[in-house]
Amino acid sequence: MKNKKLQTMIVIGMLSSISFILMLFNFPLPALPAFLKVDFSDVPALIAAVTMGPVAGILVAFFKNVLDWLFSGSPTGVPVGHMANFVTSLLFILPVYFIYQKVATKKGMAFGLTIGTLSMAIGMSILNYFVFLPMYTYFLNVPPTTGDALFGMIVLGILPFNLIKGVLLTAVVLLMFSSMHTWIEKQRTYYLS
């Protein structure tokens, strides 16, 4: 039992490190706000969640953000962007995990990724409107964006960004899933039994 716990901790650490490195290779999307950047750091967190359970996925998402905050800091002094990234990861990976638990097939994974994308896009639109964008303006000590300008930023920036990010993540995961399905099932049997 101790070996399994130790192995789980080591794998979570390795996946967190890979996730952190992937987070460094972020890029903006044309015609969308420059502060929104796509990265593929949610893929290791998703692999952790699917193979070892939701807590493992949450820990990978948490540690990658802590590492990135320590490495690159935050323009606000408070890790608002890292908190937003953490919540984004959870909104994406948790629906995939729960759906894949019920339907452990490629169709189940595809459906989970679709629901995860919609959850991330809608959830982050709401949270940015009420929480994260107001936090940014407060900590940066700039006039808050309100009313139609804030609504426009959500509808024309945040929502399409998260939909595109979700589609890109879905494509990468489905490409990997075809070749990794047997390995994933073997890991699930080991860690989740």
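**Exercise 1.** Does Glu185 count as buried, partly exposed or exposed, and at what relative accessibility? Then place its salt bridge.

*Solution.*
- The model is a predicted one.
- Take the cut-offs: buried means under 20% relative accessible area, exposed means over 50%, and partly exposed lies in between.
- Glu185 has 25% relative accessibility, so Glu185 counts as partly exposed.
- Turn to the partner. Glu185 forms a salt bridge with Arg188, with the closest N and O atoms 3.7 Å apart.
- Arg188 has 12% relative accessibility and therefore counts as buried.
- Locate the pair. Both Glu185 and Arg188 lie in helix α6, 3 residues apart, which is about one turn of the helix.

**Exercise 2.** Find the salt bridges of Asp42, and state which parts of the chain they link.

*Solution.*
- Apply the cut-off: a side-chain nitrogen of Lys or Arg within 4 Å of a carboxyl oxygen of Asp or Glu. The count comes to 3 salt bridges.
- Asp42 meets Lys64 side chain to side chain, at 2.9 Å from N to O.
- This pair links distant parts of the chain: Asp42 sits in helix α2 and Lys64 in helix α3 (residues 54–72), 22 residues apart.
- Check burial. Asp42 has a relative accessible area of 1%, so Asp42 is buried. Lys64 has 0%, so Lys64 is buried.
- Asp42 also forms a salt bridge with Lys165, where the closest N and O atoms are 3.9 Å apart.
- Here too, distant parts of the chain are linked: Asp42 in helix α2 and Lys165 in helix α6, 123 residues apart.
- Both Asp42 and Lys165 are buried.

**Exercise 3.** Describe how helix α2 packs against helix α6.

*Solution.*
- Start with the general scheme. Two packed helices are described by the angle between their axes and the distance between the axes.
- For helix α2 (residues 42–52) and helix α6 (residues 147–192), the angle is about 30 degrees and the axes are 8 Å apart.
- Classify the angle. Angles under 35 degrees count as roughly parallel, so α2 and α6 are roughly parallel to each other.
- Assign the handedness. The crossing of α2 past α6 is right-handed.
- List the contact. On α2, the residues include Asp42, Leu46, Ile47 and Val50. On α6, they include Lys165, Leu169, Met176, Trp183 and Arg188.
- Sort the contact residues. They divide into 14 nonpolar, 2 polar and 3 charged.
- Connect this with Exercise 2. Asp42 and Lys165 belong to this contact, and they are joined by a salt bridge.

Methods
Residues numbered from 1 in each chain as written. Predicted model: local features only at pLDDT ≥ 70, side-chain atom pairs only at ≥ 80, totals over all residues. Heavy atoms only, no water. Axes fitted to C-alpha atoms, helices over the stretch in contact; angles between N-to-C directions. Helix = DSSP H or I, 4+ residues; strand = E, 2+ residues; numbered from the N terminus. Parallel < 35°, antiparallel > 145°, perpendicular 65-115°, else oblique. Left-handed = near helix turned anticlockwise from the far one by under 90°. Contact = heavy atoms within 4.5 Å. Nonpolar A, V, L, I, M, F, W, Y, C, P; charged D, E, K, R; others polar. Buried < 20%, exposed > 50% of the residue type's maximum accessible area, 1.4 Å probe, protein only.
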